[in-house]
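Dear colleague,

Please find below the protein that I am handing over to you, with its sequence and structure. My findings follow directly after it, arranged by topic.

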Amino acid sequence: MKELLRTNDPTLIAFVTALLDDEGITSFQMDVHMSVLEGSIGILPRRLMVVDRDLFMAQAILKENGIEANG
């Protein structure tokens, strides 16, 4: 799996996940439960991962929607 996006914004994660789902690209959120360790203040970013073969297409989808990908 490759990292597509890293952000503290849960709404951005939800939006990107919806965009990817619409194109048939499965994504996986990592570090979702880290807020327990940080006291739920949102300082630790979440990562959105995709399988290697979908990375290029996922990056193109984000670019089309004006979202900067990490990968």
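I begin with one pair of residues: Ser27 stands opposite Val50, a residue of strand 3. A second pair of this kind is formed by Gln29 and its bridge partner in strand 3, Leu48. Strand 2 and strand 3 are paired in the antiparallel sense, over four bridges. Please keep in mind throughout that this is a predicted model.

The overall plan

The protein has three helices and three strands. Along the sequence they follow the pattern β-α-β-α-β-α. Of the 71 residues in the protein, 30% are buried. Taking contacts between residues at least 6 apart in sequence, 67% join residues at least 24 apart.

How far may the model be trusted? The mean pLDDT of the protein is 89, and 87% of its residues reach 70 or more. Helix 3 has the highest mean pLDDT among the elements, at 96, whereas helix 2 (residues 35-38) has the lowest, at 62. Where pLDDT is low, the predicted coordinates should not be read in detail.

The sheet

In what order do the three strands form the sheet? The order is 1-3-2, in an open sheet with antiparallel pairing. Strand 1 and strand 2 (27-30) stand at the edges, and each has a single partner strand, so one side of each is left without a neighbour in the sheet. On average, neighbouring strands are turned by 25° against each other, direction ignored. Strands of a sheet pair through backbone hydrogen bonds, either parallel or antiparallel.

Strand 1 and strand 3 run antiparallel and are joined by five bridges. Strand 3 is mostly covered, with four of its five residues buried. Helix 3 lies across strand 1 and strand 3, and runs at about 30° to strand 1.

The nonpolar core

Which residues of the largest nonpolar core touch the most other members? They are Leu4, Leu5, Val16, Leu20 and Val50, out of 14 residues in this core. At least two residues of the core are supplied by each of strand 1 (2-7), helix 1 (10-22), strand 3 (46-50) and helix 3 (55-64). Val50 thus appears a second time, as it is also the residue that Ser27 stands opposite.

Val16 shows how distant parts of the sequence meet: setting aside residues up to four places away, Val16 touches Leu4, Leu5, Leu48, Leu62 and Ile67. In soluble globular proteins, nonpolar side chains tend to be buried together.

Two neighbours in strand 1

Arg6 is found in strand 1, and Thr7 lies in strand 1 as well. Is each of them buried or partly exposed? Thr7 counts as buried because its relative accessibility is 12%, under the 20% cut-off. Arg6 has a relative accessibility of 43%, between 20% and 50%, and therefore counts as partly exposed.

The bridge partner of Arg6 in strand 3 is Arg47. Beyond residues up to four places away in sequence, Arg6 touches Pro45, Arg46, Arg47 and Asn70. Arg6 and Pro45 are 39 residues apart along the chain, yet their C-alpha atoms are separated by 6.0 Å. The side chain of Arg6 also makes a polar contact of 2.7 Å with the side chain of Glu3.

For Thr7, the side chain reaches the backbone nitrogen of Asp9 at 3.0 Å. Leaving aside neighbours within four places in sequence, Thr7 is in contact with Leu12, Ile13, Pro45 and Arg46. Pro45 and Arg46 are therefore listed for both residues of this pair, under the contact cut-off of 4.5 Å.

A residue with a positive phi

Asp31 lies in the loop between strand 2 and helix 2. What is the phi of Asp31? The value is positive, about 70°, although Asp31 is not a glycine. Most residues other than glycine have a negative phi, and most peptide bonds are trans. With a relative accessibility of 26%, Asp31 counts as partly exposed.

I would suggest following the sections above in order with the structure open beside them.

Yours sincerely,

A colleague

Note on methods: Residues numbered from 1 in each chain as written. Predicted model: local features only at pLDDT ≥ 70, side-chain atom pairs only at ≥ 80, totals over all residues. Heavy atoms only, no water. Core = buried A, V, L, I, M, F, W, Y, C linked by side-chain atoms within 4.5 Å. Buried < 20%, exposed > 50% of the residue type's maximum accessible area, 1.4 Å probe, protein only. Polar contact = N/O pair within 3.5 Å; in protein donor to acceptor, adjacent residues only side chain to side chain. Pairing = 2+ DSSP bridges. Axes fitted to C-alpha atoms, helices over the stretch in contact; angles between N-to-C directions. pLDDT = per-residue confidence, 0-100.
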